[in-house]
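Reader: Hi, could we go through this structure together, a bit at a time? I am in my first year, so please explain the terms as we meet them.

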Amino acid sequence: MSTSTFQSEQLLFTPGTPTTNALPLIFAFPNTYCVGITSLGYQVVWAKLCTRSDLQVSRLFIDVHESLPKCPELVGFSLSWELDYANILQMLGNLDIPLRSQARSEVHPLIFGGGPVLTANPEPFADFFDVILLGDGEELLDAFITTMQTIRDADRATQLLTLAQVPGLYVPSLYEVCYQSPTGAITAIQPISPEVPAQVHKQTYRGNTLSASTVVTPKAAWESIYMVEVVRSCPEMCRFCLASYLTLPFRTPAVHQTLIPQIEKGLRVTNRIGLLGASVTQHPEFEELLDFFAHPDRDQVRLSIASVRTNTVTVKLAQLLSQRDTRSITIAIESGSERVRQIVNKKLNNDEIHQAAINAYEGNLKALKLYGMVGIPGETDVDVEATIALMHDLKRQVPGLRLTLGCSTFVPKAHTPFQWYGVKSKAKQSLQVMQKSLRSQGIDFRPESYNWSVIQALIARGDRRLSYLLELTCHFGDSLGSYRRAFKQLRGQVPDLAFYALNDWPIDQVLPWSHLQGPLPQVTLEKHLQSASEWF
């Protein structure tokens, strides 16, 4: 424990005073304090827990922790990144808690989890958790804790059965998964009792106030930043995009009634503001938010904005960002091919990309960062060459602007129209072709690892059988070789890597998350998939 880490925090909420009978709870983030405290979701849930006087909350990170209770009744994890699962297993071990829920007894705390990874597809991790919160914390957290308080003295089985009946609370041990064979597809997922709902519905918060930082600290990954969630979800609905599909509907709090008061609260403790959201500049009152930051009284503000929609990059926006200590802006283009953008439903044309680059330069920004993707279903070599050509054209058109292209490999995500597609092996070659063609022209090309993208897909489309592989991998060490070694050891007991990550799945296949209902029903996702395939 490092007290100096926590002493540097400026709290923007008032913690409750725990009562003598307050329930002891550990709230963990499976990474370092620097990373965890920069997670807006973790901040907000932690503050919400701390304001309750019926809880005694202690934070735990992999490098520091607050004073921990000897006998916690609840231990919670916020999971934002798939590969952090190894840290969860390590932390449970350090707390002397059995890794698997079935091995825990009355003396052990209930282990709960939430966050985007678990909401999307909790199944690879299901055997490690007693309860998983599916959806927005604003909706779920109070219902979970309030219910827990009423069953505190009940036996473990009664606690789990009661929690399973709260909307959005998923108790994996109360569902049975059947398979064609040890290495075959799922045939059915059914509750083990009539009292357990057959479908668990993700809970969606529909209020007018979104999240804002509850703590500011110089020890965060973004030093002393105050973060404000400007929008939630995205109206574009790109076919691969979890951030859009899983968080529907698109929500935008009012600028004057909500966002500006939140920002002013942050400006009392720091001059660094981060505006977050999948599509910040598509807030209907974004111009008014820009005008707020453009006021001379806010000349000292350092402003950061998450990735913005390409056709909203105006000279006005670029100038303001430049004046507020931002040197670059980031846009997601996915591809230089008009056809591929039609496939993924990216409503964007090359002229708008060119204009964004010109506007960024004329607004005195120094650099433009673009996000692209290879291996999109239906993509051909011609489409990859179109991305290369676009980058070359931008370099010639705006030679004074530093260009960076970050490029990932398509990874299928649950609850999106492309959840049935596997990773395309040709993506690895496409990344190599792009690297050779772009770096030679002075364009900063930053590819994500193809092999690690395959591992992401493995986890994103995994089922419960993967828990044995994840446990072995954690034991072997954090490397690609550990996954190969684990698959070899479990041959014949779990499906292979291709089954989970590379193969296309038939529409009628039972998905690992078929019993977990996201914002859109499967029939709607199938229609969106059909619209995409018309461009193949």
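Reader: To start somewhere specific, where is the place of D325?

Author: D325 sits in the loop between α11 and β15 (328-334), where helices (H or I, at least four residues) and strands (E, at least two) are DSSP runs, numbered from the N terminus. Before we go on, please note that this is a predicted model, in which local features need pLDDT of at least 70 and side-chain atom pairs count only at pLDDT 80 or more, while totals for chains, interfaces and linings use all residues. Residues are numbered from 1 along each chain as its sequence is written, and side-chain values use heavy atoms, with hydrogens and water left out.

Reader: Thanks. What is phi of D325 near?

Author: Phi of D325 is near 75°, which is a positive value in a residue other than glycine.

Reader: And how does D325 count, buried or exposed or partly exposed?

Author: D325 is partly exposed, because its relative accessible area is 40%; buried means under 20% relative accessible area, exposed means over 50%, and partly exposed is in between, with a 1.4 Å probe and protein chains only.

Reader: What about D96, what is its phi?

Author: D96 has a positive phi of about 60° although it is not a glycine, and its place is in the loop between α4 (85-94) and β5 (110-114). With 65% relative accessibility, D96 counts as exposed.

Reader: OK, changing topic to helices. At what angle do α16 and α18 pack?

Author: Helix α16 (residues 450-460) and helix α18 (residues 480-489) pack at an angle of about 50°, and their axes are 10 Å apart. That makes α16 oblique to α18, since angles under 35 degrees count as roughly parallel, over 145 as roughly antiparallel, 65 to 115 as roughly perpendicular and the rest as oblique. The axes are lines fitted to C-alpha atoms, for helices over the stretch in contact, and angles run from 0 to 180 degrees between N-to-C directions.

Reader: Which residues of α16 and α18 meet?

Author: From α16, N451, W452, I455, L458 and I459 meet L480, Y483 and F487 of α18, where contact means heavy atoms within 4.5 Å. By class, this contact of α16 with α18 has seven nonpolar, one polar and no charged residues; Ala, Val, Leu, Ile, Met, Phe, Trp, Tyr, Cys and Pro count as nonpolar, Asp, Glu, Lys and Arg as charged, and the others, Gly among them, as polar.

Reader: Now α10 and α11, how far apart are their axes?

Author: The axes of α10 and helix α11 (residues 315-323) are 11 Å apart, and these helices pack at an angle of about 35°. In that packing, F286, E287, L290, D291, F293 and A294 of α10 meet K316, L317 and L320 of α11. The contact of α10 with α11 divides into six nonpolar, no polar and three charged residues.

Reader: Does α10 turn up elsewhere, I mean, what covers the buried residues of α9?

Author: The cover over the buried residues of α9 includes β12 (225-229), β13 (272-276) and α10 (286-294). In helix α9 (residues 255-267), the buried residues include V255, T258, L259, I260, Q262, I263 and G266.

Reader: There is a proline, P249, in the loop between α8 (242-245) and α9; which peptide bond joins L248 and P249, cis or trans?

Author: L248 and P249 are joined by a cis peptide bond, with omega about 0°.

Reader: Let me jump to N345. What does its side chain reach?

Author: The N345 side chain reaches the backbone oxygen of M237 at 3.2 Å. N345 lies in the loop between α12 (338-344) and α13, and at 18% relative accessibility it counts as buried. Leaving aside neighbours within four places in sequence, N345 is in contact with E236, M237, C238 and R239.

Reader: Last one, where does R52 lie, and what does it touch?

Author: R52 lies in the loop between α3 (40-50) and β3 (55-60), and, not counting residues up to four places away in sequence, it touches D142, I145 and T146. R52 is buried, with a relative accessible area of 16%.

Terms used
A polar contact is a pair of N or O atoms within 3.5 Å; within protein, one must be able to donate a hydrogen and the other to accept it, and residues adjacent in sequence count only if both atoms are side-chain atoms.
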